[in-house]
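Q: I should like to learn how the features of a protein model are read. May we go through them one at a time?

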Amino acid sequence: MSPLCPLLLALALVAVPAVRGACPAASELKNPDGTRTCAKVYDKSDPYYENCCGGAELAIEADSDMPYLPSGWTNVISSLVVAPRCELTVWSRRGKAGKTHKFKSGAYPRLEEYRRGVLGHWSDAISSIYCRCY
């Protein structure tokens with residue numbers, strides 16, 4: 001085996017984009033004044049991870065209870081990031097009704113990859129949110 005093989009393998013692994021794509025790291029979720037944000041949601045997703053977490057963004061503070069999302073945010077969320085030691089609970093219907101799912105700390109660039117029942121997914125299906133940090 002050539003001595004170049006391990007080096008080429010290492011370079012190939014470094015060149016592969018991270019699963020979080022263009023999403024910020026969970027530890028980077030902070031307000032300009034330095035206080036912590038519970039989560040950020042985005043209205044853009046893409047088959048290519050590097051194009052996810054784009055478009056409009058909505059910062060969600062800790063202990064935010066949103067049974068009704070702000071105007072223009074119902075059923076448009078397609079990417080999200082949850083801060084460390086936080087948990088984002090989402091519902092498929094307004095008023096915290098319908099199917100529910102809990103997202104732990106981390107980046108979720110393509111909500112199409114998270115099942116909502118047998119035939120659905122969570123992209124463009126979030127209508128209510130509760131975010132808590134511990």
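Q: Which residue in strand 4 stands opposite Ala-39?

A: In this predicted model, the residue of strand 4 opposite Ala-39 is Val-82. The two strands concerned, strand 1 and strand 4, run antiparallel and are joined by four bridges.

Q: What is the bridge partner of Ala-39 in strand 2?

A: That partner is Ile-60. Strand 1, which covers residues 39–44, is joined to strand 2 by five bridges, and these strands also run antiparallel.

Q: What is the order of the strands in the open sheet that includes strand 1 and strand 2?

A: A sheet is read by following its pairings from strand to strand. Here the four strands come in the order 2-1-4-7, with antiparallel pairing. Strand 2 (54–60) and strand 7 are the edge strands; each has a single partner strand, so one side of each lacks a neighbour in the sheet. From one strand to the next, the twist averages 15 degrees.

Q: How many bridges join strand 4 to strand 7?

A: Three bridges join strand 4 (residues 79–82) to strand 7, and the two run antiparallel. Val-81 offers an example, with Ala-107 as its bridge partner in strand 7.

Q: What is the order of the strands in the open sheet that contains strand 10?

A: This open sheet has four strands in the order 3-10-5-6, and their pairing is antiparallel. Its edges are strand 3 (64–66) and strand 6 (97–103); each has a single partner strand, so one side of each is without a neighbour in the sheet. The twist in this sheet averages 15 degrees from one strand to the next.

Q: How many bridges join strand 5 to strand 10?

A: There are six bridges between strand 5 (residues 86–93) and strand 10 (residues 128–133), and the strands run antiparallel. One residue to locate in the model is Cys-86, whose bridge partner in strand 10 is Cys-133.

Q: How many helices and strands does the protein have altogether?

A: The protein has one helix and 10 strands. Read from the N terminus, the elements run α-β-β-β-β-β-β-β-β-β-β.

Q: How many aromatic pairs does the structure hold?

A: To read such a pair, one considers the ring centres and the ring planes. The structure holds three aromatic pairs. In one of them, Phe-103 and Tyr-114 are edge-to-face, with 5.8 Å from centre to centre and 80 degrees between the planes. This pair links distant parts of the chain, 11 residues apart: Phe-103 belongs to strand 6, while Tyr-114 is in the loop between strand 7 (106–108) and strand 8 (115–116).

Q: Why is the pair of Tyr-108 and Tyr-114 called edge-to-face?

A: The planes of these two rings stand at 70 degrees, and their centres are 5.3 Å apart, so the pair of Tyr-108 and Tyr-114 is edge-to-face. The cut-off for this class is an angle over 60 degrees. Together, Phe-103, Tyr-108 and Tyr-114 form one aromatic cluster.

Q: Are the residues of this cluster buried or exposed?

A: Burial is read from relative accessible area, and a residue counts as buried under 20%. Phe-103 is buried, at 0%, and Tyr-108 is buried, at 11%. Tyr-114, at 26%, is partly exposed. Of the 134 residues of the protein, 40% count as buried.

Q: Which residue lies over the face of Trp-122?

A: A charged side chain may also be read against an aromatic ring. Arg-116 lies over the face of Trp-122, at 6.0 Å from the ring centre.

Q: Why is a positive phi worth noting in a residue other than glycine?

A: It is worth noting because most residues other than glycine have a negative phi. Asp-63 has a positive phi of about 60 degrees although it is not a glycine. Asp-63 is located in the loop between strand 2 and strand 3, and it is exposed, at 53% relative accessible area. Lys-96, likewise not a glycine, has a positive phi of about 55 degrees. Lys-96 lies in the loop between strand 5 and strand 6, and with 33% relative accessibility it counts as partly exposed.

Methods. Residues numbered from 1 in each chain as written. Heavy atoms only, no water. Pairing = 2+ DSSP bridges. Axes fitted to C-alpha atoms, helices over the stretch in contact; angles between N-to-C directions. Phe/Tyr/Trp six-rings, centres within 6.5 Å; stacked < 30°, edge-to-face > 60°. Buried < 20%, exposed > 50% of the residue type's maximum accessible area, 1.4 Å probe, protein only. Lys NZ or Arg CZ within 6 Å of the ring centre and 35° of its normal.
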